[in-house]
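Open the model in a viewer and keep the sequence panel beside it. The stops below are meant to be taken in order.

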Amino acid sequence: MRIDIISVVPDLLASPLGESILSRAQQKGLVEIVVHNLHDYAHDKRKTTDDYPFGGEAGMVMKCEPVFELVEKLQSERTYDEVIYMSPDGIVYNQHEANRLSMMENIIILCGHYKGIDQRIRDHLITREISIGDYVLTGGELAAAVIADSVVRLLPGAIGDEESALSDCFQDDMLAPPVYTRPADFRGWKVPDVLLSGNFGEIEKWKEAQAYERTKLLRPDLLEEK
Ligand code: ADE
């Protein structure tokens, strides 16, 4: 898989993309993540990527030219499944969308800044707008890092035990059951007997029941969506 991320502050992405699972997945060749500095596609001396909005609104707007030039250059090199714009008015991101994106070959993620991007970019380049929640970030970079992280960990081989991505929270519209490690008794707080029983059938049943109870208590909306 290849993920191209377009940003006016690419340094913001260096640490989230350069550590841990994301870094290892790139070293293993499971994913190629390429961060592009949009300023490199501005042609004036000041490397301008934004301008004043028509109509007198406050704030600056990301210009068409650098974005079209870069996206069209990338599209001439390979076919992209989605050109995503990170925006608070996009569809709200969830595990289903992460699963869907993880099956794609090539995606572009455009990180917005300032007051937004020229509507013509949205109309003629963007195929999907994604929000990571109902709040406003300074720019789309942290949101893009969230997408990259959640997608890459789903790629086969990205995390040691493939099972563990499948048993993630939300994979079956349920929260994950509680987990415990040694010691079995800490300050008198004991690990549930069933987990120590060695009876895997009973353990599975217990986990399912716990996941259901947790979901009912904390996120009943997930059960309603079914
Ligand atoms: N850019 C600014 N706020 C955002 C959000 N909530 N999700 C995605 N991108 C954003």
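This tour of a predicted model goes through salt bridges and then one helix pair.

**Stop 1: arginine 2**

Select arginine 2 together with aspartate 4. Their side chains meet in a salt bridge, with 2.7 Å from N to O. Are these two residues buried or exposed? Arginine 2 has 12% relative accessibility, under the 20% limit, so arginine 2 counts as buried. Aspartate 4, at 0% relative accessibility, is buried as well.

Keep arginine 2 selected and add glutamate 32. The side chains of arginine 2 and glutamate 32 also form a salt bridge, at 3.6 Å from N to O. This pair links distant parts of the chain: arginine 2 lies in strand S1 (residues 2-7) and glutamate 32 in strand S2 (residues 32-37), 30 residues apart. Glutamate 32 has 43% relative accessibility and therefore counts as partly exposed.

**Stop 2: aspartate 118 and arginine 120**

Next, select aspartate 118 and arginine 120. A salt bridge joins them, and the closest N and O atoms are 2.7 Å apart. Aspartate 118 is buried, at 16% relative accessibility, whereas arginine 120 is partly exposed, at 46%.

**Stop 3: a network**

Now select Glu82, Glu97, Arg100 and Arg128. Salt bridges link these four residues in a network. Side chains of opposite charge can pair when their charged atoms come close. How many salt bridges are there by the rule used here? The count comes to 18 salt bridges.

**Stop 4: helices H4 and H6**

Show helix H4 (residues 95-102) and helix H6 (residues 141-152) as ribbons. Their axes come within 9 Å and cross at roughly 70°. An angle from 65 to 115 degrees counts as roughly perpendicular, so H4 is roughly perpendicular to H6.

Which residues make the contact? Turn on the side chains of Ala98, Leu101 and Ser102 in H4, and of Ile147, Ser150 and Val151 in H6, which make the contact. By class, the contact of H4 with H6 has four nonpolar and two polar residues, and no charged residues.

**Looking back**

To finish, return to arginine 2, where the tour began. Arginine 2 forms salt bridges with aspartate 4 and with glutamate 32; aspartate 4 is buried, and glutamate 32 is partly exposed.

Definitions and conventions
Residues numbered from 1 in each chain as written. Predicted model: local features only at pLDDT ≥ 70, side-chain atom pairs only at ≥ 80, totals over all residues. Heavy atoms only, no water. Axes fitted to C-alpha atoms, helices over the stretch in contact; angles between N-to-C directions. Helix = DSSP H or I, 4+ residues; strand = E, 2+ residues; numbered from the N terminus. Parallel < 35°, antiparallel > 145°, perpendicular 65-115°, else oblique. Contact = heavy atoms within 4.5 Å. Nonpolar A, V, L, I, M, F, W, Y, C, P; charged D, E, K, R; others polar. Buried < 20%, exposed > 50% of the residue type's maximum accessible area, 1.4 Å probe, protein only.
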